[in-house]
Amino acid sequence: MAASTAVAVAPDWWNDVNNSPMWQDRSFHALAMLYGAVSFVALVQLIRIECRVPEYGWTTQKVFHFMNFIVNGVRSIVFVLRRDVQLVQPEIFQHVLIDFPGLAFFTTYALLVLFWAEIYYQARAMSTDGLRPAFYTINGVVYAIQIILWMALWWKPVRAMVILSKMFFAATSLFAALGFLLYGGRLFLMLQRFPVESKGRRKKLNEVGYVTTICFSGFLIRCVMLVEIVPSALVLFILRKLPPKRGITQYHPIH
């Protein structure tokens, strides 16, 4: 009798919390602070890199941190203004405000996959000419499909279209996870073949391994839930080291 009462009480307690505007606001504000903190760290890291190597212009590393700053900053603002966002009309703009940072998040980490792919291809003496066009094409297709889904949802705002849009986000997350597994795994295995006596090489091997594992797992989990902040925070921590001032061979400007 007591056990069945406890089982009955637990869902009621959860429903009370889940349906409480006060708890919802606290959750939104907590998420806003977390995303804001990650955005601030990304901005600080961008400024540090710019002060360290200003002569290299907009490198892949700088763009990566800038995109992290934008994505997490926008997420923070959306959570701060969540109640106002829910009142935006027409309703399609609510979906755009909530979903667009997810697209930018995909682009941010696709850029990291591109960077690793370029390093891998260059180390194997293979041409990298097709990598950047492929990166732009993939992102263009992803954004175009999402815009079409938004327009369809605006034209016919039914539950099925919302589910289809979420399934598309899940598919892009799975695609990104496979990208990290493919090129991160290749780069990790390639680095393993090199001598790792030096501390710097061991650190680079660990860095690639940790980031590959975190991003693959994060994007895989993101197929079913929103977990952008976890890989963002962990990757920024792992990639916190500044580039050297001279003798940079793997540092590529964005053209």
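**View 1. Phe93, a partly exposed ring in a predicted model.** Start with Phe93, which comes out as partly exposed because its relative accessible area is 38%. Keep in mind that everything shown here is a predicted model. A search through the whole structure turns up 16 aromatic pairs. One of them joins Phe93 to Trp154: the ring centres sit 6.0 Å apart and the planes meet at 55 degrees, so this pair counts as tilted. Phe93 belongs to helix α5 (residues 92-123) and Trp154 to helix α6 (residues 131-155), so the pair ties together parts that are 61 residues apart in sequence. As for Trp154, its relative accessible area is 52%, so this residue is exposed.

**View 2. Tyr109 meets Phe219.** Here Tyr109 and Phe219 make an edge-to-face aromatic pair, with 6.0 Å from centre to centre and 65 degrees between the planes. This is a link between distant parts of the chain: Tyr109 is in helix α5 and Phe219 in helix α8 (residues 199-222), 110 residues apart. Tyr109 and Phe219 are both buried.

**View 3. An aromatic cluster.** Pull back a little and Tyr109 and Phe219 turn out to be members of one aromatic cluster. The other names to look for in that cluster are Phe64, Phe105, Trp116 and Phe180.

**View 4. Thr60 in helix α3.** Thr60 sits in helix α3, which runs over residues 60-80. Its relative accessibility is just 5%, and since buried means under 20%, Thr60 counts as buried. Look across to Leu112: the C-alpha atoms of Thr60 and Leu112 are 7.9 Å apart, although 52 residues separate the two along the chain.

**View 5. Helix α6 and its buried side.** Does the length of α6 add up, or is it off? At 1.5 Å a residue, its 25 residues should span 36 Å, and the end C-alpha atoms are 36 Å apart, so the two agree. The buried residues of α6 include Arg132, Asn139 and Gln146, along with Phe135, Leu149 and Trp150. What do the buried residues of α6 pack against? Their partners are α3, α5 and α7 (159-193).

**View 6. Two annotated spans.** The unreviewed UniProt entry carries the annotation "transmembrane region" for several stretches, including residues 133-155 and 167-189. In the model, residues 133-155 are 100% helix and 0% strand, with the end C-alpha atoms 33 Å apart. Residues 167-189 are likewise 100% helix and 0% strand, and there the end C-alpha atoms lie 32 Å apart.

Definitions and conventions: Residues are numbered from 1 along each chain as its sequence is written. This is a predicted model: local features need pLDDT of at least 70, side-chain atom pairs count only at pLDDT 80 or more; totals for chains, interfaces and linings use all residues. Side-chain values use heavy atoms; hydrogens and water are left out. Helices (H or I, at least four residues) and strands (E, at least two) are DSSP runs, numbered from the N terminus. Buried means under 20% relative accessible area, exposed over 50%, partly exposed in between (1.4 Å probe, protein chains only). Rings of Phe, Tyr and Trp (its six-membered ring) pair if their centres lie within 6.5 Å; planes under 30 degrees apart count as stacked, over 60 as edge-to-face and the rest as tilted. UniProt positions are given in the numbering used here, feature names are shortened, and annotations may be inferred rather than shown by experiment. The expected span of a helix is 1.5 Å times one less than its number of residues. Contact means heavy atoms within 4.5 Å.
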